[in-house]
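Welcome to a set of short exercises on reading a protein model. Have the sequence and a viewer open, and try each task before you look at the solution.

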Amino acid sequence: MASSTDHNSSGSVSPVVMKYKRRRFPEIPEECAGNYSPFKNSNAYFRRKERSLWPAMRIGMDRCLFALIVVAFFYMLVFAKSSLMNTLQDFKSERVLIQVIQQTVVERDDSVRINKMALESTQKMFESSNIWTQFSSNNYYQCINRSWAERREEALTNGYLMVHANGGLNQMKTGISDMVAIAKIMNATLVLPSLDHKSYWTDTSDFKDIFNWRHFMEVLKEDISIVETLPPELEAENHIQIAPVSWSNASYYRDEIAPLFKEHRIIQFTHSNARLVNNGLAASIQRLRCRAMYQALAFSERIVELGNKLVQRLKNLNAPYVALHLRYERDMLSFTGCSHNLTEAEDKELRILRYNTQHWKDKEINSTEKRLNGLCPMTPREVAVFLEAIGFPFDTNIYIVAGEIYGQNGIQELKAKYPNVITHYDLATEEELQLFRKCQNQLAALDYIVAIESDVFVYTYDGNMAKAVKGHREFEGFRKTISPDKWNFVRLNDHYDEGLLSWEPFESKVKSLHEDRVGAPRLRTIADSPRMEESFYANPYPGCICDKSKNLQMPYRRLLSLRN
């Protein structure tokens, strides 16, 4: 066989080797021999081994992977726990920090709020205390003493002057003071004046009931001759009655009235109010007017005693008090024709009273126009708003210098804001007032004393009481007196009520308006017409008050001399 021959001819081969070769290199069919490679055979072998080992390896790898995952998860848990603890600790710290910050902010806010409240309280206390501050009057003094040259020397006089003092208490008081000066000008003996019993109040009090008549005569004895009554031999003698011309100067009485004593030993003046000019008189006459008004016309001992008790009871409240002249009374509202804030029925009642009072000349009055001109008494509500705007605390003690307040609401609108409203009926006992109840002029005298001694005086109508008290307080050292600017105030108040002005600007404007209306020294205003100028008794400077730092009397007298 060719094949056998070919093998044998190449050389003999060991059977062992042949065996090895068969095991190592298996025979491959000839059709495949051309493609045979021992490496390909090796790869197949390893693939078979891989397939046989892969299941075991995969199991081992899975176990290792699982173990790694478990370990990793464990460490993650530990790390997470640690992180969570740290986070919680940080959160707790931050929370504590936030609480501390919040507490600090709250404490700071509270501190700011408390400081603000303290500041506001201090400011209110300052404003409140400032309300009661009095003007320093050290540079001013009363200059009403008579000189030796002014003392009365004549034993004889030209005749007797009888006077009927008309009006209410303060109108009579100023009128009598003028009559003292006129008696000096005419060198007449003054008979103690008779008082008006037919005025609105129909008070039956006589001069001796209201005034300390002995004191009156004693103080003025070196100025004029005064007698209690006419001598008996002259009581039946005829005398001339005269109504002196209002606002007359000294020459009128000296040249026109005094010569009448040559024919009549007794002259009687039927009126005493506003019968002498405010200015243009000799300095000695002006000083005499003040001696009469502020020294001689002292009230009776009975009135002074009770009046001082009322003042002391008010001071025992351990707080300053305001004397408020609230002239919102039936007679004044009827006289002025002011019906603002009143009902139609009340307005009608006042109109009837006005028409039935013969000596009240004005009958038809435009109430709205008069109010806008600042000529009406302020209503209780307007007064309450005014006092609040000026800065008076709501617990202020307010003494009412007036009679019964008119209207269906009366004084309630004032009490609603200022409850500590007091009258002489509240301060005095029934027994103390028993002798005064039917004597309105005597009750007015009690109010006058309380008003003079008040810490602050506020008036709501520029009438006789307001003028007399204001001037007397200036004479006593420019005690604080607030004079409302009603012309401007009623307009501001209307704008506030209508919502055109909020409280803050309203309050500011009211305060600004009254900065210079608190009773500080100011020269008396003169005008072309005596009727239009400031009352001498409302402002006795100059005339009865002098300035230490400069002499204002001489230039003022020279100015007044130009009018004569």
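Five exercises follow, each with a worked solution.

This is a predicted model, in which local features need pLDDT of at least 70 and side-chain atom pairs count only at pLDDT 80 or more, while totals for chains, interfaces and linings use all residues. Residues are numbered from 1 along each chain as its sequence is written, and side-chain values use heavy atoms, with hydrogens and water left out.

**Exercise 1. Take stock of the chain**

Task: Find how many helices and strands the protein chain has, and what share of its residues is buried.

Solution:
- Step 1. Count the DSSP runs, numbered from the N terminus: helices are H or I runs of at least four residues, and strands are E runs of at least two. The chain has 22 helices and 13 strands.
- Step 2. Apply the burial cut-offs: buried is under 20% relative accessible area, exposed is over 50%, and partly exposed is in between (1.4 Å probe, protein chains only). Of the 564 residues, 41% count as buried.
- Step 3. Look at contacts, meaning heavy atoms within 4.5 Å. Among contacts with a separation of 6 or more, 77% are between residues 24 or more positions apart.

**Exercise 2. Explore the nonpolar cores**

Task: Identify the residues with the most contacts inside the largest nonpolar core, and the helix that gives the most to this core.

Solution:
- Step 1. Recall that a nonpolar core is a set of buried Ala, Val, Leu, Ile, Met, Phe, Trp, Tyr and Cys residues joined through side-chain atoms within 4.5 Å.
- Step 2. The largest core has 84 residues, and Met186, Phe216 and Phe269 have the most contacts inside it. Helix α5 (residues 169-186) gives the most to this core, with ten residues.
- Step 3. Apart from this core lies another, of 38 residues, including Tyr328 and Ile400.
- Step 4. Now select Met186. Beyond its neighbours within four places in sequence, Met186 is in contact with Asn158, Leu161, Tyr253, Ile257, Ala258, Phe261 and Phe269.
- Step 5. Turn to helix α8 (residues 250-257), where Ala250, Tyr252, Tyr253 and Ile257 are buried. Their cover includes α5, β6 (240-242) and β7 (266-269).

**Exercise 3. Look down a helix**

Task: Work out why the buried residues of α10 line one face of the helix.

Solution:
- Step 1. Check the geometry. Helix α10 (residues 301-315) has 15 residues and reaches 21 Å from its first C-alpha to its last, close to the expected 21 Å; the expected span is 1.5 Å times one less than the number of residues.
- Step 2. List the buried residues: Ile303, Leu306, Gly307, Leu310, Val311 and Leu314.
- Step 3. View α10 down its axis. The buried residues fall within an arc of 145°, so they line one face; the arc is that of the directions from the helix axis to the C-beta atoms.
- Step 4. On the other side of α10, Glu301 and Glu305 are exposed.

**Exercise 4. Order a sheet**

Task: Give the strand order of the open sheet of five strands, and say which strands stand at the edges.

Solution:
- Step 1. Two strands pair if DSSP finds at least two bridges between them. The order is β10-β9-β8-β11-β12, with parallel pairing.
- Step 2. β10 (421-422) and β12 each have a single partner strand, so one side of each is left without a neighbour in the sheet.
- Step 3. Follow the pairs. β8 (residues 321-325) and β9 (residues 397-400) share four bridges, and Ala323 has Tyr399 in β9 as its bridge partner. Four bridges also join β8 to β11, where His325 stands opposite Tyr459.
- Step 4. Inspect β11 (residues 456-459): Val456 and Val458 on one side and Phe457 and Tyr459 on the other are all buried.

**Exercise 5. Spot unusual backbone**

Task: Decide whether Asn341 and Phe478, both with a positive phi, are buried, exposed or partly exposed.

Solution:
- Step 1. Most residues other than glycine have a negative phi, and most peptide bonds are trans.
- Step 2. Asn341 has a phi of about 75° and sits in the loop between α11 (330-336) and α12 (344-356). Asn341 is partly exposed, at 43% relative accessible area.
- Step 3. Phe478 has a phi of about 55° and lies in the loop between α19 (464-475) and β12 (481-482). Phe478 is buried, at 2%.
- Step 4. Finally, find the cis peptide bond between Tyr541 and Pro542, with omega about 5°.
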